[in-house]
Amino acid sequence: MEYPGPSRVATLGSLMGVASLALPWLTVRSSRLAEGESISLLGTANTLTAVLIAALWVVVLALSLRPATRMNAYALACLGATLLPLTLLTAGMGAERLLADAPAVARASLGGAVWLSLLAGYFVLHTSLSALKDRPCARRVLMLIAPGLILLLGLLGAFESLALSAEFTGNEQRLARETGRHLALALGSVFIGALIAVPLGIAATRHRRTERPIFLIASTIETVPSLALFGLIIAPLAALSFAYPALRELGIRGVGAAPALIALILYSLLPIVHNTYAGLKQVSPAALDAGRGMGMSNRQLSWRVEYPLAIPLIGEGIRTATIQSVGNTAVAALIGAGGLGHFIFQGLGQAAPDLILLGALSVIALALVLDTVARSAIKMLTPRGLRREGD
Amino acid sequence: MILMEELTKRYGESLAVDTLSVEVAAGEVCVLIGPSGCGKTTTLRMINRLVEPSEGRIFINGEDTRKRPPELLRRSIGYAIQSVGLFPHMTVEQNISVVPSILGWDRSRISNRVHELLLLVGLDPAGYTHKYPTQLSGGEAQRVGVARALAADPPILLMDEPFGAVDPLTRERLQQQFLSIQKELRKTVVLVTHDLDEAVRLADRIAVMRAGKLVQFDTPERLLASPTDAFVRSFVGADRALKRISRVPVTSMMQPVKTLVRSGDTLSGDVSQVPRFAWVTDADGRLLGWLDTAQSRSPDSVFEIDAAQVEYLTVPDSASARDALSRMLGQGVRSIPVIDESRRLLGEVTLRSIEEVTAE
């Protein structure tokens, strides 16, 4: 049976994987600020491992060029799921070996090869899994093997010598605290934003004259770069808190969480207003006519027919706003609001690339988790009759 | 029951409906028909105030429809539209339950009503109550729409091209269903259609409209026999005779026949009284076939009509003169027997009798 396996992406992935063999795998520096030395694959791993990795990529390349069959998809998925943890393990072990005799301040960072092969492995894994859509159980297992193994290896200490881990262990407590702040800002702003934006979206559908101004304002806000918007809010807010000491008691000052929250709320308006509007507009006019004709009042029509039918799109709008918010909150650290951006900017200030990486990866991980949670929530809230097949 | 008095609807400069006055009696099916843009749908929607008249009034049972808030008015009027408009996020049961639950019926009363209505429209409750609209075919959705309109047992039913969106075969079945439901429930129905055959089939009286004005309001028979002006004549079409006889039941014009009876091996009956091609029945009067008496008088020579041939060599008693004519022409015969459900011979229709009916 022919599977619509997009093996061209797998081929691309395998080529990237092969290319990564030639790139530097680690960068070793005697201290955080010193010039780094690039280490190739052969410097990182022993010959056997190096040959194994190379061989695996070649096999992946070969498989990706063959016609797409179910066996092929399984094989590619397994190989991809193997190569991801294997790459990281190799780098981790290599770092441990290279730093064995080095002073404590020495750092071994992941090189371009590792990033490239992680991306390559992800391509291979993901596309081969998409060809296995009709086997949800196997698919889920294969999808979780790689992150599961990586997590396990991490807990067993395989990555301890990597600079990233060093940064992590040095900042564990702060990381937890800033994650909490980040979540509070991102989620809090979307929540308040939704409370404002959903009624605005409803108003835009009901009253023609409000449609233009609402969208105009929301779109304009969206075009202002985040840092600039933060800046625009700081001055008036500072003036306000200066004039009204009560605000200062509450913790509302010119800088810090307050201006960040306000800006984040403003940013979350457009996706939610837009999707609320679209969600209500796409409700079948026949259903509305029938509803009105059978004697539903406007309120009954809205609550029993329109709003339930608009939930999927409104949910998508809130999900989009949430992911956007997680990203924007990273910038808020610059004005003293805290959040995971703290590590990014500190890393920038100290020229410590792995600290930057720590912050960036945390933000990405947070976004992915919230995205998954949001998707499940939307699915659960969508009325039964509207769920598509396979949802 | 429904009195429309000088109804007018103006949109800017143009008149969608122009001083329309129509009275629909209780239990009557009134069909509004006319070319596109004649105002028939606007008129229908003025009855339940989805459109407010510019001038004129509507009385339902003597009460001006403007007296009550529109929502309350509409809850006592069933409304079924062409695109059905089922709520996609609700099951069939929930869809039908909408108006009863707004009216505050209790749960068991509603679920009994849903069960009863699904049976009425020809859908098996066990199979359909939990389905969602996306899982229904066009014909099934239309039936659910009608069930939903009838849910709170309103005395009046408004229908806007309810059978328009399905294929001809399903449409005919739905029309048949409608007629049998109407026979049982005797609702006051106002139905909009652009299909004259549908109007002739379903209506007690037809209101022909043109450019917002009422042109003729008559029974289908009178409309087809005497169209008032050139427009109606051309609207009704050149084959009005055929349309007319589609309203004449065979039972009203069939003639009694003398038959031969076959019991076992014997053939009894007065051969001198029967025509050359005589119908042969069994002892209970059930039609077995026919015999060419000129050729043979023997029971073995009876040409038997088997189950497969019954449909086109006979007409059921529920058929119209048009069905009989169609079959006679199809078979190249001049007469056709009328039988009941148990195949008992009731009478005969001939080409001559059809000519007589058409000539009236």
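This passage describes the two chains of a predicted model, from their overall make-up down to single strands, surface patches and backbone angles.

Chain A is a good place to start. Its secondary structure comes to 15 helices and three strands, and 47% of its 391 residues count as buried. Taken along the principal axes, the C-alpha atoms of chain A fill a box of roughly 80 × 65 × 30 Å. For chain B, the secondary structure comes to 14 helices and 18 strands. Buried residues make up 51% of the 360 residues in this chain, and the C-alpha atoms of chain B fill a box of roughly 80 × 55 × 35 Å along the principal axes.

Among the strands of chain A, β1 (residues 26-29) and β3 (residues 107-110) pair in the antiparallel sense, with four bridges between them. One of the positions that can be followed in the viewer is A:T27, whose bridge partner in β3(A) is A:S109. In a regular strand, side chains alternate between the two faces of the sheet. For β3(A), A:R107 and A:S109 point one way, while A:A108 and A:L110 point the other way. Buried or exposed, then, are these four residues of β3(A)? All of them are buried, on the one side as on the other. A:S109 thus appears twice in this account, as the bridge partner of A:T27 and as a buried residue that points the same way as A:R107.

Helix α6 of chain A (residues 136-155) brings the description to the surface, with A:R140 as one of its residues. A:R140 counts as exposed because its relative accessibility is 53%, and the cut-off for that class is over 50%. Together with A:K379, A:R384 and A:R387, A:R140 gathers in a patch of positive charge on the surface. A nonpolar patch also includes a residue from this helix: A:V141 has its place in α6(A). The members of the nonpolar patch are A:V141, A:I145, A:L149, A:L152 and A:L156, and together they have about 460 Å² of accessible area.

Two loops of chain A deserve a look as well. A:A22 lies in the loop between α1 (7-20) and β1 of chain A, and A:A22 is exposed because its relative accessible area is 68%. How far apart are A:A22 and A:R375 in sequence and in space? They are separated by 353 residues in sequence and by 39 Å in space, C-alpha to C-alpha. The other loop, between α14 (341-350) and α15 (353-381) of chain A, holds A:A351. Phi of A:A351 is near 55°, a positive value in a residue other than glycine. With a relative accessible area of 47%, A:A351 is partly exposed.

Chain B offers a positive phi of its own at B:E6, about 50°, although this residue is not a glycine. B:E6 is found in strand β1 of chain B (residues 2-11), and its relative accessible area of 45% makes it partly exposed.

Further along chain B, three strands form an open sheet in the order β16-β17-β18, with mixed pairing. Its edge strands are β16 and β18 of chain B, each of which pairs on one side only. What does the mixed pairing look like, strand by strand? Strand β16 (residues 315-316) and β17(B) run parallel and are joined by two bridges, with B:P316 opposite B:I339 in β17(B). The pairing of β17(B) with β18 (residues 345-350) is antiparallel and extends over five bridges; here B:S335 stands opposite B:T350 in β18(B). Strand β17(B), which covers residues 335-339, is mostly covered, with four of its five residues buried.

The turn from β17(B) to β18(B) completes the picture. This hairpin has five residues between its strands, and within it B:R343 takes a positive phi near 75°.

Terms used:
Residues are numbered from 1 along each chain as its sequence is written. Chains are lettered from A and ligands numbered from 1 in the order in which they are written. This is a predicted model: local features need pLDDT of at least 70, side-chain atom pairs count only at pLDDT 80 or more; totals for chains, interfaces and linings use all residues. Side-chain values use heavy atoms; hydrogens and water are left out. Buried means under 20% relative accessible area, exposed over 50%, partly exposed in between (1.4 Å probe, protein chains only). Two strands pair if DSSP finds at least two bridges between them. Patches are made of residues with over 30% relative accessible area and no salt bridge: like charges are joined within 9 Å, nonpolar side chains (Val, Leu, Ile, Met, Phe, Trp, Tyr) within 5 Å. Accessible areas come from the Shrake-Rupley method with a 1.4 Å probe; for residues, only the protein chains shown count as cover. A salt bridge is a side-chain nitrogen of Lys or Arg within 4 Å of a carboxyl oxygen of Asp or Glu. Lys and Arg count as positive and Asp and Glu as negative; His and the chain ends are not counted. The place of a charge is taken as NZ of Lys, CZ of Arg, CG of Asp or CD of Glu.
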